[in-house]
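Please work through the following exercises on charged side-chain pairs and strand pairing. Each task is followed by a worked solution.

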Amino acid sequence: MDNRPVGTRQARELIRVAFGPSIVALVIIAAVVLIQLLIANSEMTGAFGAIASMWLGVHLVPVSIGGAELGVMPLLPVLAMVWGTARTTAAATSPQSSWFLTRWVVGSALGGPLLIAAISLAIVHDAASVLTDLQTPNALRAFGSVLAVHAVGAGVGVGSRVGRRLLSASPLPRWLPDAIRAATAGVLALLGLSGVVAAGSLIVHWSTMHDLFGITESAFGQLSLAALSVLYIPNVLVGTAAVAVGSSAHIGLATFSSFTVFGGDIPALPVLAAVPTPPLGPIWVALLIVAAVSGVAIGQQCARQPLPLVPALLKLVVAAALAAVTMALLGHAGGGRLGNFGDVGVDQATFGPAVFLWFAGIGGLTVAMSGGVTRRPRTAEPKPEPDPDPEPEPEPEAELEPDPEPDPEPDPEPEHIGDDDAAPEVGEKAPAAAAVPIEDPEEHFVVDDDGAPDTADRPHNGDH
C-alpha cells in the first residue's frame, strides 16, 4: 500500500481490517445456530441473542444461562480470531507505510470489533428481556476482552511488517527479533509435544472416550460432541503443558500434576478422556522429557547467532520470559468457571515461573554446548603517541671516497720506441686506469719482427 492520503483504495482496506474477521465469525456462528435450531425443531425467537452471545464468547466473554456461568471458552476460535486480525492488518500494512497510515490500520482493527461488541451487548440485553434464562454479560469485561483479542492480532500483524524498521529506529538491541523467534519456537515445541502426550493418553483411555460419545444416541449429537472436543483441544494442550513443566491443572476438585492425581467429577466431553487417572505411574518421566526438549528447542534458536556472554545471556532470558508470559496468558484465557463443576484452568502461581525456569536452565546449557557464546575480541594495545615536535634526526653525511694517494714517483723507465703518449708528470693524478694493478713492464716491450737491434737498454734521450 502506498503512502497517499486515505482514499478509495485505503478506505476499502481499512473497512476490511475493521469488519472482515468479525463478519466471518458472525456468519459461521449464525450458520451453526440456525442448523441447531432447525434440527431441534425450535422457534427462532432467541436466534439473534444466541448469535450475539456466541460472538462475545469467541472473545472470551463469559456467558450466563439460567444462573450458570460458562467462563471456560474454547481457545481454538480465539486463536482463529487473532490469526484473522493479524492477517488482515499485515495485508493492509506495507513496510514503507507512513506512521499515519499504520495508526489508521491499528485503529480500524480495534474500532470495528468494539462497535460490533456494543451492538452484540444491545442485542443480548434485548433478548434477555424475552428469554429470562439469558443474562447480559458485564459490559466492561466484554469491551476489555474484545479489545485485548484484537489488539494482540493487530500487534502481531503490524509488527511483522514494520517491526524491523521500528527496531532500527529505536535503542532496543538488534538481537530482539531472534529472542522473539526463539520464544515462539519454545512455545510451539512445548504445545506440540504436549499434544503428542495427550494423543497417547487418548489412545490409552480409548474406552473412556467411547463411553463419553455414547451419552447421546443421535448422530448429530455425537457430531456436536466431536466438534466441541476439537474446539477445546488447545485448552487440553495448555493443561498438559502445565503438568509437564511441574505445575498443575484442575477441573473443579480434580487436580493433575506430574507427581500426584486427585480424582473428581469431570464434564462429559470426549476430549477430557485424556486426563490421567490415579495412580499416575511412571508417566511423569515422559512429561519431564517434554519440558527438557522444549528447553533445548529455545536454546538452539538462541544459539543460531552467537554473541558474547552477556548479550547471549540477555537474549536467552528475554526469550524465556516471553515464552513464559505467552503460556501464562494462554493458561489464563483457557480457564474460567464451568457451572457447577467449579473453576477450570492451571495453577497460575507456578505455571509461568516453571516455564521460565525450564527454558532458561535447559536453554542456557544448550546455548553453551551449541557454541552460542563467543569470546570478545582482544583489544589491541595502544601504540605510543609520537612526540609533538620530534627533533629532526641528522642526516648521515655521504661517505666521501678518500682521495687516492698520489702514486709514488715512478722509476725512470726507458722510453718505448713507437710510444706516442708522453709519460705523466710527477705529482699528476693517475688516470682512472691507474687503479688497475701495475703489471710487469717487460710485457709492454715492443720487439721488431725484422731483427732490428734491441733498443730497450739504450739510454732515454727523448728521440725515437
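The exercises below treat salt bridges and then strand pairing.

The model is predicted, so local features need pLDDT of at least 70 and side-chain atom pairs count only at pLDDT 80 or more, while totals for chains, interfaces and linings use all residues. Residues are numbered from 1 along each chain as its sequence is written, and side-chain values use heavy atoms, with hydrogens and water left out.

**Exercise 1.** Determine how many salt bridges a search of the whole structure finds.

Solution. Step one is the criterion: a side-chain nitrogen of Lys or Arg must lie within 4 Å of a carboxyl oxygen of Asp or Glu. Step two is the search of the whole structure, which yields three salt bridges. As general background, side chains of opposite charge can pair when their charged atoms come close.

**Exercise 2.** Describe the salt bridge between Glu-13 and Arg-16 and its setting.

Solution. First, the N to O distance of this pair is 3.2 Å. Next, both residues belong to helix H1 (residues 8-39), where they are three residues apart, about one turn of the helix. Helices (H or I, at least four residues) and strands (E, at least two) are DSSP runs, numbered from the N terminus. Finally, accessibility is classed as buried under 20% relative accessible area, exposed over 50%, and partly exposed in between (1.4 Å probe, protein chains only). Glu-13, at 18%, is therefore buried, whereas Arg-16, at 44%, is partly exposed.

**Exercise 3.** Repeat the analysis for the salt bridge of Arg-181 with Asp-178.

Solution. The closest N and O atoms are 2.8 Å apart. Both residues lie in helix H6 (residues 176-204), three residues apart, about one turn of the helix. Arg-181 counts as partly exposed because its relative accessibility is 35%; Asp-178 counts as buried because its value is 18%.

**Exercise 4.** Which residue forms a salt bridge with Arg-337, and are the two partners buried or exposed?

Solution. The partner is Asp-343, with the closest N and O atoms 3.7 Å apart. Arg-337 is partly exposed at 40%, and Asp-343 is partly exposed at 45%.

**Exercise 5.** Establish the pairing of strand E4 (residues 248-251) with strand E5 (residues 254-257) and with strand E8 (residues 343-346).

Solution. Two strands pair if DSSP finds at least two bridges between them. E4 and E5 pair in the antiparallel sense over four bridges, with Ser-248 opposite Ser-257 in E5. Their hairpin has two residues between the strands, and Gly-252 takes a positive phi near 70°. E4 and E8 also pair in the antiparallel sense, over three bridges, and Ile-251 stands opposite Val-344 in E8.
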